[in-house]
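Visitor: I am new to this structure and should like to be guided through some of its features. May I put my questions one at a time?

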Amino acid sequence: MAAPGAPLLLLLLAGLAHGASAFEVKDSNGTACIMANFSASFLTIYETAHGSQNSSFTLPASAKVLENRSSCGGKNVSEASLTIALGKGCLLMLKFTRNATWYRVQHMYFTYNLADTQRFPNASSNGTHTVDITTDIKADINKTYRCLSAIQVYMGNVTITLRDATIQAYLSNGNFSKEETHCTQDGPSPTTVPPSPSPPLVPTNPNVSRYNVTGDNGTCLLASMALQLNITYLKKDNMTVTRAVNINPGDTFSGRCSANMVTLNVESKNSVLELQFGMNVSYSLFFLQGVQLNMTVPDGKDPTFTASNHSLRALQATLGNSYKCNSEEHIFVTKAFSLNVFSVQVQAFKVESNRFGSVEECMQDGNNMLIPIAVGGALAGLVLIVLIAYLIGRKRSHAGYQTI
């Protein structure tokens, strides 16, 4: 006898396994020109009368394409766009551009409405806000962009995380291409075989290094993390190559403390990496604000590689607490440089007794634990329902006999 609640529980388990949503933009003939399939989570810091507060939600099942704000781009227009309505005034827009060899998500826009009291309770204002940033989501033309790893996009007070992403714009046959361009977070494509004389382009994951920066008033930065430089440059033979370079624990480091900026410099044989941590006094937050890299690439057409970005919003936590993330994080600095961070715990400005404060975990680690816990709880519930159904059935069978 099947338990009456079993089908409902099985549907719950199926729902837990399915986290991605599919979206399409079609032209006037009904042919798809953009297709996207991904799951997403959104973290927004907003202001209340009692200080800053975090709002976190995932891509809702009701999310849908806004046709009047999406476009295939047209014959003479390179830009195409996908706009997704997330409900209650929240929108996610991907704006694409292309050339003869590749296409990319040139800009990502996120619009949120503080009048939504369910997502933004006790907000100080009721206005609609839009943030945007350029991204490194890029693929060869007529190939599908594929990324199983988490893609984190930082937009000031907003962090968007995409997972299990399959995206393609400017479709030639109305469907995903079988050929794929894989994101750098996933490592090299299975079909890519580097030439045997060349060293591996992607080394093993870096080892964790520990950093401590001290000023006149004591420790201003405490960090434990593994760092990897991901650079793209033109070689002497005019071939474009992407290399991953690990920062080693033995590399020399130094730093500076000031009232509004904490700086960490890591110097190796061929590179100097500078990380700048800033703070938001109004929200009582610290975060990685700037990254600058000066590097020598001996096989480069230009042997000097430089890149910087001073408007980031990564590795963010409350002052006095530490930011911690066991998952790999991919910080997009410029088109040619990104910083991969592994097993990070960091605290800036307010560090007591040279020890990490209370931990604020990243969204990836929280979501990685959520599914196993939910599935385990659902399985336990299923076993309990079957056991109760068995006991009820057994009791009913005994009730059908009379004592002689």
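Visitor: Is glutamate 24 buried, partly exposed or exposed in this model?
Guide: The model is a predicted one. Buried residues have under 20% relative accessible area and exposed ones over 50%. Glutamate 24 has a relative accessible area of 37%, so the class for this residue is partly exposed.

Visitor: Which side chain does glutamate 24 meet in a salt bridge?
Guide: A salt bridge requires a side-chain nitrogen of Lys or Arg within 4 Å of a carboxyl oxygen of Asp or Glu. Here the N to O distance is 3.9 Å. The partner has a relative accessible area of 49% and is therefore partly exposed. The residue that glutamate 24 meets is lysine 26.

Visitor: How many salt bridges does a search of the whole structure find?
Guide: Among the residues concerned are Lys88, Asp116 and Arg119, which are linked in a network of salt bridges. The search of the whole structure gives a total of 6.

Visitor: What is the N to O value for the salt bridge of lysine 143 and aspartate 140?
Guide: Lysine 143 counts as partly exposed because its relative accessibility is 23%. Aspartate 140, with a relative accessible area of 35%, is partly exposed as well. Their side chains meet in a salt bridge with an N to O value of 3.6 Å.

Visitor: How many residues apart are aspartate 164 and arginine 146, which meet in a salt bridge?
Guide: The side chains of aspartate 164 and arginine 146 meet at 2.9 Å, N to O. This pair links distant parts of the chain, with aspartate 164 in strand β12 (residues 158-169) and arginine 146 in strand β10 (residues 144-147). Along the chain, their separation is 18 residues.

Visitor: Is arginine 146 buried or exposed?
Guide: Its partner aspartate 164 is partly exposed, with a relative accessible area of 34%. The cut-off for a buried residue is under 20%. Arginine 146 has 17% relative accessibility, so this residue counts as buried.

Visitor: How much space lies in the largest cavity?
Guide: A search of the whole structure finds 1 cavity of 30 Å³ or more. The space in the largest cavity is about 120 Å³.

Visitor: Which element gives the most to the lining of the largest cavity?
Guide: The lining includes Ile151, Gln152, Val153 and Tyr154, as well as His330 and Phe332. By class, it has 7 nonpolar, 4 polar and 1 charged residues. At least two lining residues each come from β11 (151-155) and β24 (329-334). The element that gives the most, with 4 residues, is β11.

Visitor: What accessible area do Leu384, Ile388 and Ile392 have together?
Guide: These residues form a nonpolar patch on the surface. Isoleucine 388 lies in helix α2 (residues 363-399). Residues in such a patch have over 30% relative accessible area, and isoleucine 388, at 43%, is partly exposed. Together, Leu384, Ile388 and Ile392 have an accessible area of about 260 Å².

Visitor: What distance separates the C-alpha atoms of leucine 319 and valine 351?
Guide: Leucine 319 lies in the loop between β22 (314-318) and β23 (322-325). Because its relative accessibility is 23%, leucine 319 counts as partly exposed. Valine 351 is 32 residues apart from leucine 319 along the chain, and their C-alpha atoms are separated by 8.7 Å.

Methods
Residues numbered from 1 in each chain as written. Predicted model: local features only at pLDDT ≥ 70, side-chain atom pairs only at ≥ 80, totals over all residues. Heavy atoms only, no water. Patch = residues over 30% accessible without salt bridge, like charges linked within 9 Å, V, L, I, M, F, W, Y side chains within 5 Å. Areas by Shrake-Rupley, 256 points an atom, 1.4 Å probe, with all protein chains shown as cover. Buried < 20%, exposed > 50% of the residue type's maximum accessible area, 1.4 Å probe, protein only. 1 Å grid on protein atoms, 1.4 Å probe; cavity = no way out; pocket = protein on both sides within 12 Å on 5 of 7 lines; lining within 4 Å. Points joined across faces, edges and corners; volume = space filled by probe spheres on them. Nonpolar A, V, L, I, M, F, W, Y, C, P; charged D, E, K, R; others polar.
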